[in-house]
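Colleague: I have a model open and would like a close look at a single part of it. Could you walk me through that part and then show me how the rest is put together?

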Amino acid sequence: MTRVVFLLVPQLHLLDLAGPAQVFSSAADLGHDYRLHYVAERVQVPTVQGVPLVAETRWPDLTPDDLVIVPGWRPAAHGPEGPVSPADLRRLADHHAAGGTVASVCAGAYALGRAGLLDGRRCTTHHEVQDDLARRYPAARVARDLLYVVDDRVVTSAGIASGIDVALHLVATRHGPATAARIARTLVVYARRNGHEPQASAMMRHRLHLSDAVHRVQDVIDSRYAEPLPLAELAAAGAVAERTLTRLFRAATGLTPLGYQQSLRVERAEHLIGHGATVEAAARTVGFTDARMLRRLRTRPRGSSPAPSGSSRPGSGTPQAANRAG
């Protein structure tokens, strides 16, 4: 059994809490033994949205397998650091020291900062308070404009809807990406966004559909985009014929399977180049046999389909006419 303990603060945001809670509740519905607990200083906890919550005032006994999550609150209500008691801050620090995972959503990162858990670690929070978090906790390495950051069992997220992303990540690390993908589709969340990806990533843009077969194929491509992925293998993952996959994939995303794969490669390569990698090194890392294809694709409009769908060999294919993305 894994306990997921939410530390509730007055004037918290409902979605900061409800999103991750729904993910772990859905995981429990799939047969994974999660028990959700809601703890606070007082039994009744007011929220920004006006719905009062009822919480436990005693913490359960925790093991290293358990998770503690701090949802965010409205900074104007208490100041950004929030009214987290010294006793609860010690519980956060002690749980991490014992081998457990501690996570925050949005302004919940301030509680982790006060507990000393951000010192020397990469972290993030909502874009409106990133600069303030960095100022208050200079030993923290605040990563801006990321959905979530994981550093030595300290997990921080940008807040609001990204709480769902970080909860899906935690499920995926424990039970595999297929389980997280199943939960995402159950919640009608079209993409499991990676922490290092901006919100406009191809993983987000081309998940706005409800085709289970195409989602299954995208799950494979997302996790193995740097590998050769023959169309026959992708079709088997989607449980459809090759020709059917090409038709369904194009209808759902506006791209061929190879076009989608190469769009992921180009985005990842752009990230690497932006952080100092050469074009040649980035091309090798993301799966191209040489840098020529990467250079060619970088000049194309976003969402274009660069090669026929019958092959997914890295660097193969001659670019053809662009296909409009959805």
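Where is Thr 124 found?

Modeller: Happy to. One thing to keep in mind from the start is that this is a predicted model. Thr 124 sits in a loop, the one that runs between strand S7 (122-123) and helix H5 (130-136). Although the residue belongs to a loop, Thr 124 counts as buried, because its relative accessibility is 0% and the cut-off for buried is under 20%.

The side chain of Thr 124 has a polar partner: the backbone oxygen of Ala 143, reached at 2.7 Å. Around that pair there is a longer list of neighbours. If you set aside the residues within four places in sequence, Thr 124 is in contact with Ala 109, Gln 130, Ala 143, Leu 146, Leu 147, Tyr 148, Val 149, Thr 156, Ser 157 and Ala 158. Ala 143 therefore appears both as the polar partner and as a member of this contact list, while Gln 130 falls within the range given for H5.

One of those neighbours, Ser 157, deserves a visit of its own. Ser 157 is placed in strand S10 (residues 154-157), and at 0% relative accessibility this serine too counts as buried. A polar atom of the Ser 157 side chain lies 3.0 Å from the backbone oxygen of Ser 104. So here, as with Thr 124, a buried side chain has a backbone oxygen as its polar partner. Not counting residues up to four places away in sequence, Ser 157 touches Ser 104, Val 105, Cys 106, Thr 124, Thr 125, His 126, Leu 147, Tyr 148, Ser 162, Gly 163 and Val 166. Leu 147 and Tyr 148 are on this list and also on the one for Thr 124, which gives you two handy residues to display when you draw the region.

Now let me step back to the whole chain. The protein has 326 residues, and 52% of them count as buried. It contains 14 helices and ten strands. Among contacts between residues at least 6 apart in sequence, 62% join residues at least 24 apart.

Two residue pairs illustrate separation along the chain alongside distance in space. Leu 297, in helix H14 (residues 291-298), counts as buried at 8% relative accessibility. Its C-alpha is 8.5 Å from that of Ser 263, with the two positions 34 residues apart in sequence terms. Gly 50 belongs to the loop between strand S3 (44-45) and strand S4 (53-54) and counts as exposed, at 56% relative accessibility. Gly 50 and Leu 12 are 38 residues apart in sequence and 9.9 Å apart in space, again C-alpha to C-alpha.

Helix packing is the next stop. Two packed helices are described by the angle between their axes and the distance between the axes. Helix H9 (residues 212-223) packs with helix H10 (residues 231-238) at an angle of about 130°, the axes being 8 Å apart. That angle makes H9 oblique to H10, and H9 passes H10 in a right-handed crossing. From H9, the residues Ala 213, Arg 216, Val 217, Val 220 and Ile 221 meet Leu 234, Ala 237 and Gly 238 in H10. By class, the residues of this contact divide into six nonpolar, one polar and one charged.

H9 also packs with helix H11 (residues 242-253), here at an angle of about 90° and with the axes 10 Å apart. So H9 is roughly perpendicular to H11. H9 contributes Ala 213, Val 214, Val 217, Gln 218 and Ile 221, and H11 contributes Leu 245, Leu 248, Phe 249, Ala 252 and Thr 253. The contact of H9 with H11 has eight nonpolar, two polar and no charged residues. Ala 213, Val 217 and Ile 221 of H9 take part in the contact with H10 and in the contact with H11.

Finally, some backbone angles to look at. In the loop between H10 and H11 you will find Ala 239, which has a positive phi of about 60° although it is not a glycine. Ala 239 is exposed, with a relative accessible area of 64%. Gln 11, also not a glycine, has a positive phi of about 65°. Gln 11 lies in the loop between strand S1 (2-7) and helix H1 (14-29) and is partly exposed, with a relative accessible area of 23%.

Definitions and conventions. Residues are numbered from 1 along each chain as its sequence is written. This is a predicted model: local features need pLDDT of at least 70, side-chain atom pairs count only at pLDDT 80 or more; totals for chains, interfaces and linings use all residues. Side-chain values use heavy atoms; hydrogens and water are left out. Axes are lines fitted to C-alpha atoms, for helices over the stretch in contact, and angles run from 0 to 180 degrees between N-to-C directions. Helices (H or I, at least four residues) and strands (E, at least two) are DSSP runs, numbered from the N terminus. Angles under 35 degrees count as roughly parallel, over 145 as roughly antiparallel, 65 to 115 as roughly perpendicular and the rest as oblique. A crossing is left-handed if the near helix is turned anticlockwise from the far one by less than a right angle, and right-handed if clockwise. Contact means heavy atoms within 4.5 Å. Ala, Val, Leu, Ile, Met, Phe, Trp, Tyr, Cys and Pro count as nonpolar, Asp, Glu, Lys and Arg as charged, and the others, Gly among them, as polar. Buried means under 20% relative accessible area, exposed over 50%, partly exposed in between (1.4 Å probe, protein chains only). A polar contact is a pair of N or O atoms within 3.5 Å; within protein, one must be able to donate a hydrogen and the other to accept it, and residues adjacent in sequence count only if both atoms are side-chain atoms.
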